[in-house]
Amino acid sequence: MSSLNNVLYFQAGLAVLANICLFFFYTFIILCHRPKLMDLMYCQLAFVHLVMLLTGGDIWLIDIFDTLNIENDVKCKATFYVHRVLRGLSICLTCLLSVFQAVTLSPSTSLLSKFKQKLKKYMIYAFFCIWSFNLSFSSNRIFYVGAFTNLSDANQMKVTKSCALFPMNYIIEGLILTLTISRDVFLVGVMLTTSAYMVIILFRHQRQCKHLHSISHLGAPPEKKSTQTILLLVVFFVITYWADFIISFTSVLLWMYDPVILVVQKFVMKAYPTITPLIQISSDNRIINMLKNMQSMCQQIVKKR
């Protein structure tokens, strides 16, 4: 069990470091350069994942709450609410990335091409709707989470060392579960549909290039590379999402959380926030060039000494 926790802490540390680097890089781009719409989305995704990692379990935020002498009940409700909001934002922003890239890649004869000119305007509205929806949608669950009080109480399901879920009315539970699953299935469906659409466009482009030996509207390597990055993100998200969903659904259904299963679920939940910044850093030439410049500067400083 201790070895599993050590793996979890290492994963969290790596993920936090990578997301901090990514968040500061995109913030610098947004403030000091001409940012692309993709930069705004990546910046938000890095911020969401960073806060998610800091609030997703017994790591840093719990210790901060302890030093401030905040009641366990308030601490549990706050961390649970923030984590649910951020989880919703993560799936929505990933879906938005996929839709944005599909519209960007769409040929002039496609119906999606009509949205290209107004893409920036639509994205601003989309950001507002996504944040507003998730902040309000996740508020209902705070009434059914609180401090873990009694080991002998079968009505409480312990999910962390100090927090537990409490049973709710079957009708309310069914309604919340139906809405949550419907939202997630819809967004995952949109991601898979747009991903399949992008794969078809890339395949057609590659076939045209082989036959015509010319460069079409998709010929720019950065655009193709960006599409491949988003496709990778979508694949990793879908895999980790359904693994997390199966574990959560089974545990709630059985009303029991095994400590080992809980650690495994935390690892799965943090897998996407860990993988995302590493994929982005390795695929964005601007970040790679910046890191190379920093390395050369450090080497020059060392040589001067």
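Start by selecting Phe237, Tyr241, Trp242, Phe245 and Tyr272, which ring pairs join into a cluster. Rings of Phe, Tyr and Trp (its six-membered ring) count as a pair when their centres lie within 6.5 Å; planes under 30 degrees apart are called stacked, over 60 edge-to-face, and the rest tilted. What you have open is a predicted model, in which local features need pLDDT of at least 70 and side-chain atom pairs count only at pLDDT 80 or more, while totals for chains, interfaces and linings use all residues. Residues are numbered from 1 along each chain as its sequence is written, and side-chain values use heavy atoms, with hydrogens and water left out.

**The aromatic pairs**

By this ring rule, the count comes to ten aromatic pairs. Go to Phe23 and Phe47 for one of them: the pair is tilted, with 5.8 Å centre to centre and 40° between the planes. Why does this pair tie together parts that are 24 residues apart in sequence? Phe23 lies in helix H1 (residues 2-32) and Phe47 in helix H2 (residues 37-55), so the pair links the two. Helices here are DSSP runs (H or I, at least four residues), as strands are (E, at least two), numbered from the N terminus. Phe23 is partly exposed at 21% relative accessibility, and Phe47 is partly exposed at 35%. For these labels, buried means under 20% relative accessible area, exposed means over 50%, and partly exposed lies in between (1.4 Å probe, protein chains only).

Now return to the cluster and zoom in on Phe237 and Tyr241, a stacked pair at 6.0 Å centre to centre with 10° between the planes. They sit four residues apart in helix H7 (residues 221-254), so about one helical turn separates them. Phe237 is buried, with a relative accessible area of 6%, and Tyr241 is buried too, at 5%.

**Along H7 and across to H6**

Stay in helix H7 and select Thr227. Is Thr227 buried or exposed? Thr227 is buried, with a relative accessible area of 0%. Its side chain makes a polar contact with the side chain of Gln101 at 2.9 Å. A polar contact is a pair of N or O atoms within 3.5 Å; within protein, one must be able to donate a hydrogen and the other to accept it, and residues adjacent in sequence count only if both atoms are side-chain atoms. Setting aside neighbours within four places in sequence, Thr227 is in contact (heavy atoms within 4.5 Å) with Gln101, Leu105, Met198 and Leu202.

Next, pick Ile181 in helix H6 (residues 170-212). Ile181 is partly exposed, at 27% relative accessible area. Draw a distance from its C-alpha to that of Phe245: the two are 64 residues apart along the chain and separated by 9.3 Å.

**Helix H8**

Select residues 259-283 to light up helix H8, whose 25 residues reach 37 Å from first C-alpha to last, close to the 36 Å expected at 1.5 Å a residue. That expected span is 1.5 Å times one less than the number of residues. Look at Lys270, where H8 bends by about 30°, with a proline, Pro273, following within four residues. The bend is the angle between axes fitted to the seven residues ending at a residue and the seven starting there.

**Last stop: the cysteines**

Finish at Cys92 and Cys95. How many disulfides does the structure hold? The structure holds zero disulfides (pairs of cysteine sulfur atoms within 2.5 Å). The closest cysteine sulfur to that of Cys92 is in Cys95, 7.2 Å away and too far for a bond. Cys92 is buried at 9% relative accessible area, and Cys95 is buried at 5%.
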